[in-house]
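Let's take a walk through this protein, one helix at a time. Have the sequence and the 3D view ready.

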Amino acid sequence: MVKRNMRKINKQFFIWPLSGLIIILATWIVVGNFIATQQEKKIDAAKAQFRKQYPPREANNSALKLEELTAKLGIPIGPGLRSTPARNLHISRNEAKAKEFDNIQKDLDNYLNVQLENPTDKIDIPPENLRQYLNSNASLLEAVEDHVLNSELPQMEILDMSNITSDIALPSFLNIVSFQKFLTLNILEKTRLGQNKEALNSLEVSWKLYQSLVKRPEIIGKLVAILVVNPQAAVMRKMSGIPPSWQSRLEREIKYNLPQSFLTFFASESFVLSNDARKATFFYLIYYSEYFDSNFDYFAFLNPLYRPPYIGLVGIDYWDKMNRLSLKLPKDDLCSFEPEEFAEKNKIVPAWWNFLYTDVDGFVSQWKKVIKLGVQMELTQKILQIKQIAAKQGNWPQSVPGIENSTICKDAQWIYQVSENGMMSITLSNQIEWLKKYPNRPSDSSLNYSAIYTENLNLKGEL
């Protein structure tokens, strides 16, 4: 009798806690799913709005033709054919031309770095092998330029960025960077020879390629856009005869297009973080959290219990934190931005129940690049304004109304001076430490410029 009662007590000892656990899990699944479903409606609405702004699309005919023409140069700018395999339009590059370009890459990089780092109008004669490369590929480059100048903007393929995850490969667009180097070399040489119309054609092609990248939603497209337009901003300072419309073009880019465009990648990256979290397994949460370390998914059997509601809530948490972060970024007076201080104060801290972790530093560093580019563009715009006046009156103006004002740096001014020997100079008064040029970083250009006046305004620059 006693044994029978003991067995009964033992069964009850296990049954009651197990029943309680089952009730708790059932409640969690029902209530958690309801909460997650309601919260996910916010993400779904944001995704729908994002797809309206950046609808998935195939490459347009202009982009396909661009690939065909640049492939003949050995530098094919691929439009991305993930969604269009049936077209069978992939173009093989000309291997002989590709090897020819590879052979000059080192000399080309060295030459461009020296020219673009020199904050004057001075342009050195390029090495013989670079001049030979330009001459032997002149007709092919002209065909590319004719196409880009007389066709709609090349639009590469865009995936549905609202539903993408980090394990999906995206196009690199790095061949556009290589082609940009070719264009920059051509601009410098044509400017040096006084062939301003040809130089302006190459500049316009370069700008259109920049536009096709900066208007894309993903971060890689925007980062490559910076690599394309940074040397463009520097080379424009050495050119002459640039139409006044370029000043307003740069001004629009600085004030509106550039900051707004680059904020887009915060939205797309918030979707990536959210989508990654929502597809994660229990192993993923443990292994990639900052609290645990594991090598095996011992808890895989728990996936069906926790995954639907928990993962939904984790995804919502990261999407919300990323959007809050983007709202805190400065939209004007960008030079007052202190990257390290901002990153420290605005760490993406997950909710207490969210085991996943990510760092804000990487995103902040991208915003630094946007600000640097804005300042470089503003300096270029100021130089073009000064050159326009000088071309009309035959010498450097002693003063230019409003030249000191900076849209990017409210607490700094552009200092414009003309010395007794006819040397013009312009520099930013407040050289913020993180905005300064770093050694061995070709993408940075000096935030100052000087030149002696000449008729063409591009032949006798001096330090």
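Right after helix α6 comes Gly194, with a positive phi near 80 degrees. Helices here are DSSP runs of H or I with at least four residues, strands are runs of E with at least two, and both are numbered from the N terminus. Before going on, note that this is a predicted model, where local features need pLDDT of at least 70, side-chain atom pairs count only at pLDDT 80 or more, and totals for chains, interfaces and linings use all residues. Residues are numbered from 1 along each chain as its sequence is written, and side-chain values use heavy atoms, leaving out hydrogens and water.

Back to α6 itself, which covers residues 174-192. Is this helix largely enclosed or out in the open? Of its 19 residues, 15 are buried, so the rest of the structure largely encloses it. (Buried means under 20% relative accessible area, exposed over 50%, and partly exposed in between, with a 1.4 Å probe and protein chains only.)

One residue of α6, Lys181, has a partner elsewhere: Lys181 lies in α6 and Asp109 in helix α3 (residues 95-117), so their pair ties together parts that are 72 residues apart in sequence. The two side chains meet in a salt bridge, meaning a side-chain nitrogen of Lys or Arg within 4 Å of a carboxyl oxygen of Asp or Glu. Why does such pairing happen? Side chains of opposite charge can pair when their charged atoms come close. By this rule the protein has 10 salt bridges, including these:

| Salt bridge | N to O distance |
|---|---|
| Lys181 and Asp109 | 3.0 Å |
| Lys122 and Asp124 | 3.9 Å |
| Arg216 and Glu218 | 3.0 Å |

Lys181 is partly exposed at 22% relative accessible area, and Asp109 is partly exposed at 26%. Arg216 and Glu218, however, are both buried.

Now for helix α7 (residues 196-214), home of Ser212. With a relative accessible area of 1%, Ser212 is buried. Its side chain reaches the backbone oxygen of Leu209 at 2.7 Å. Beyond neighbours within four places in sequence, Ser212 is in contact (heavy atoms within 4.5 Å) with Leu153 and Pro154.

Finally, zoom out. The protein has 13 helices and three strands, and 48% of its 463 residues count as buried. Among contacts with a separation of 6 or more, 74% are between residues 24 or more positions apart.

Conventions. A polar contact is a pair of N or O atoms within 3.5 Å; within protein, one must be able to donate a hydrogen and the other to accept it, and residues adjacent in sequence count only if both atoms are side-chain atoms. The expected span of a helix is 1.5 Å times one less than its number of residues.
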